[in-house]
Amino acid sequence: MKLKAIMCAAAVCGGVSLATAVDEVVAEAEKGETEETPVVSASFSLAFDSKYLSYGFVDNRDPILTPSAEITFFDLVTVGAEAIFDMTKYGRQAGYGNRGGKYTELHPYVGISHAFSPEDVTWLPTTVEIGLNYLYEYHPGAKARHGERDAGADDDTQFWTLSLSLPDLWFEPALSIERDVIRDNGTYVSMEIGHSFNLLGEDDETLALRPSIAQGFGNCERVKAYVGDANKNGLMDTMLKLELTWSVCDNLEIGGYVGYSDFLFDRDIRRASRGYEGTGRWDESWNVVAGLSATLSF
């Protein structure tokens with residue numbers, strides 16, 4: 001009897017130990033699957049904006065639609081494209097022809113980005129994310145159509161953008177430096193701070209609200225490209241924005257935003273911005289904009 005009791009106890013202990021070991025292996029496997037970097041991921045997005053602003057200047061006072069798609073390899077290199085569609089006959093009044101329902105710009109791009117954490121680089125006090133992006137800005141109106149160029153159409157150009165952000169800090173500071181290397185050789189710098197608040201709990205990212213403020217700066221070439229005869233560096237647009245994102249499921253995110261833009265710190269640029277809009281029907285330096293978006297990820 002004692003022998004049977006000992007054997008039963010040993011079997012029970014062995015079973016418990018085996019179950020515990022299996023649980024540990026499964027947990028490690030699940031952890032490894034969670035942390036594994038996907039070889040390829042893709043996303044498709046459709047965005048609606050009430051106006052089209054460039055550096056705070058009104059390029060289209062009517063709504064636009066922007067579909068986009070991108071593929072990311074090893075969570076490192078991204079290749080994508082976006083197109084900007086007019087939703088009205090705005091171009092007929094703005095001087096580049098009616099493009100209602102047609103695209104006015106096409107932006108293919110490629111970028112590389114990586115986040116370096118203190119675990120990767122011991123001397124870093126917080127996570128640092130660095131990115132470099134190349135974008136080609138194609139304007140179909142700049143090409144000869146029936147032997148004649150569209151009046152008012154911009155020339156094609158190319159941009160290089162260097163970005164730096166500290167996503168783990170409370171204010172999530174971000175800096176981007178954009179360089180136009182073809183059309184006007186202008187440089188635009190944007191500095192942004194903001195914070196994401198999880199509305200359903202500290203660790204629940206299903207519904208998030210993010211207020212932010214961004215300030216732009218342009219060198220002489222960038223300012224002159226929009227203002228005209230000015231030959232000065234200057235603080236350009238200030239953007240106050242409130243964004244709401246809803247992660248419907250693992251593959252679908254819906255977002256919305258409302259923003260206020262103005263030229264608060266340079267009266268010369270502010271004055272010039274009032275006469276920039278192509279139809280002459282918007283003579284204010286400030287703008288209130290809003291938008292919606294849906295993004296599918298795989």
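Glycine 228 follows directly after helix α3 and adopts a positive phi of about 105°. In this predicted model, helix α3 spans residues 220-227, and its buried residues are Arg222, Val223, Tyr226 and Val227. These residues lie on the same side of α3, because the arc they cover around the axis is only 110°.

Positive phi values also occur at two positions that are not glycine, namely aspartate 75 and glutamate 172. Most residues other than glycine have a negative phi. Both positions fall in loops: aspartate 75 is placed between β4 (64-73) and β5 (77-86), while glutamate 172 is placed between β8 and β9 (174-180). Aspartate 75 is exposed, whereas glutamate 172 counts as buried.

The table lists the relative accessible area of these two residues together with that of serine 165.

| Residue | Relative accessible area | Class |
|---|---|---|
| Aspartate 75 | 54% | exposed |
| Glutamate 172 | 16% | buried |
| Serine 165 | 18% | buried |

Serine 165 belongs to strand β8, which comprises residues 157-165. Its class follows from the cut-off: a residue is buried under 20% relative accessible area, so serine 165, at 18%, is buried. When residues up to four places away in sequence are left out, serine 165 is in contact with Thr127, Val128, Glu129, Pro173 and Ala174. The loop that contains glutamate 172 connects β8 and β9.

Key:
Residues numbered from 1 in each chain as written. Predicted model: local features only at pLDDT ≥ 70, side-chain atom pairs only at ≥ 80, totals over all residues. Heavy atoms only, no water. Helix = DSSP H or I, 4+ residues; strand = E, 2+ residues; numbered from the N terminus. Buried < 20%, exposed > 50% of the residue type's maximum accessible area, 1.4 Å probe, protein only. Contact = heavy atoms within 4.5 Å. Arc of directions from axis to C-beta.
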